[in-house]
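Good morning, and thank you for the time. I should like to take you through one structure, beginning with a single side chain and working outwards.

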Amino acid sequence: MTNDSKIIVEEKNTGPISEWLTKNGFENIPLENDHLGVEVIKIIPTNLLATVEALKIEGFNYLQCQGGYDEGPGLNIVCFYNLIEMSEFKKDISPREVRLKVFLNRDGDMTVPSLYSLFRGADWQERETFDMYGVNFKGHPHPKRLLMPEDWKGWPLRKDYVQPDFYEMQDAY
């Protein structure tokens, strides 16, 4: 290898929504668009609620989906938010969409603000993300397990989860 070798880094151009956020003082990092060409933006947890509130005022008034995924053992847990502008739909014109991602260190603070105050539909979606990945949603009105028994230990969809050998059901009476 010679000293003439260069590392090529592909830069991501900011999309229109990321540019709008930056222009209005909202910190964000543009990521590569998804497979459908929808803009994907990284948001830090402390800025999530204010950013989503601004996007809602800007017209992204429908939380299509909130969820989580695990990047792998020792890596981040990611919360994602798919927002859509639900205005008048026109034939052959897709509505504006944006995907927001919050990256959480699995060994650090796993807390993000709840979007329940902006979108009531976030209720069960956030509870499922808590139940499966251990993400805490600050300000959620009912932060309880949704799918697993309340006394379940661990977060079943984390890639480093070890399934218990035995689980004793509690007496329902």
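Which backbone nitrogen lies 2.8 Å from a polar atom of the side chain of Asp70? In this predicted model, that nitrogen belongs to Gly72. Asp70 itself lies in strand 3, which covers residues 62-70. The side chain of Asp70 also makes a polar contact with the side chain of Arg106, at 2.8 Å. With a relative accessibility of 4%, Asp70 counts as buried, because the cut-off for that class is under 20%. Leaving out residues up to four places away in sequence, Asp70 touches Asn76, Ile77, Arg106, Tyr133, Leu157, Arg158, Lys159 and Asp160.

Let me now step back to the chain as a whole. The chain contains three helices and seven strands. Along the sequence, these elements follow the pattern α-β-β-α-β-β-β-β-α-β. Of the 173 residues in the chain, 37% are buried. If we consider the contacts with a separation of 6 or more, residues 24 or more positions apart account for 53% of them. The exposed area of the chain is about 11,300 Å², and carbon and sulfur atoms supply 52% of that area.

I turn next to the interior. In soluble globular proteins, nonpolar side chains tend to be buried together. Here, the largest nonpolar core has 27 residues. Those with the most contacts inside this core are Leu48, Tyr81, Leu83, Leu100 and Val135. Two or more residues of the core come from each of helix 1, helix 2, strand 4 (76-84), strand 5 and helix 3 (122-133). What does Tyr81 touch, not counting residues up to four places away in sequence? The residues are Leu48, Leu63, Cys65, Gln66, Val98, Arg99, Leu100, Val102, Val112, Leu115 and Phe137.

Helix 1 deserves a closer look. In this helix, which spans residues 16-23, Ile17, Ser18 and Leu21 are buried. Viewed down the axis of helix 1, its buried residues fall within an arc of 100°, and they therefore line one face of the helix. The face turned away from that buried side carries the exposed residues Pro16, Thr22 and Lys23. Which elements are included in what covers the buried residues of helix 1? Among them are strand 1 (29-31), strand 2 (39-42), helix 2 (48-57) and strand 5 (97-105). After helix 1 comes Gly25, whose phi is positive, near 85°.

Strand 2 brings us to Glu39, which has its place in that strand. Is Glu39 buried or exposed? Glu39 is buried, with a relative accessible area of 7%. A polar atom of the Glu39 side chain lies 3.5 Å from the backbone nitrogen of Gly15. Leaving aside neighbours within four places in sequence, Glu39 is in contact with Gly15, Pro16, Ile17, Ser18, Asn33, Val98 and Arg99. Two of the buried residues of helix 1, Ile17 and Ser18, thus appear in that list.

A further polar side chain to consider is that of His140. This residue is placed in the segment after strand 7 (136-138), and His140 is buried, with a relative accessible area of 9%. Once again leaving aside neighbours within four places in sequence, His140 is in contact with Ser114, Ala122, Asp123, Glu126 and Arg127. The backbone nitrogen of His142 lies 3.0 Å from a polar atom of the His140 side chain. The C-alpha atoms of His140 and Leu115 are separated by 7.8 Å, while the two residues are 25 residues apart along the chain.

For contrast, consider Ser94, in the loop between strand 4 and strand 5. Ser94 counts as exposed, at 63% relative accessibility. Its C-alpha atom and that of Ile84, ten residues away along the chain, are separated by 10.0 Å.

Finally, a word on the cysteines. A disulfide is a covalent bond between the sulfur atoms of two cysteines. How many disulfides does a search of the whole structure find? The search finds zero. Cys65 counts as partly exposed, at 27% relative accessibility, whereas Cys79 is buried, with a relative accessible area of 0%.

To close, I return to the opening residue: the buried Asp70 has a side chain that makes a polar contact with the side chain of Arg106. Thank you for your attention.

Conventions
Residues are numbered from 1 along each chain as its sequence is written. This is a predicted model: local features need pLDDT of at least 70, side-chain atom pairs count only at pLDDT 80 or more; totals for chains, interfaces and linings use all residues. Side-chain values use heavy atoms; hydrogens and water are left out. Helices (H or I, at least four residues) and strands (E, at least two) are DSSP runs, numbered from the N terminus. Buried means under 20% relative accessible area, exposed over 50%, partly exposed in between (1.4 Å probe, protein chains only). A polar contact is a pair of N or O atoms within 3.5 Å; within protein, one must be able to donate a hydrogen and the other to accept it, and residues adjacent in sequence count only if both atoms are side-chain atoms. Contact means heavy atoms within 4.5 Å. The arc is that of the directions from the helix axis to the C-beta atoms. A disulfide is a pair of cysteine sulfur atoms within 2.5 Å. Accessible areas come from the Shrake-Rupley method with a 1.4 Å probe; for residues, only the protein chains shown count as cover. A nonpolar core is a set of buried Ala, Val, Leu, Ile, Met, Phe, Trp, Tyr and Cys residues joined through side-chain atoms within 4.5 Å.
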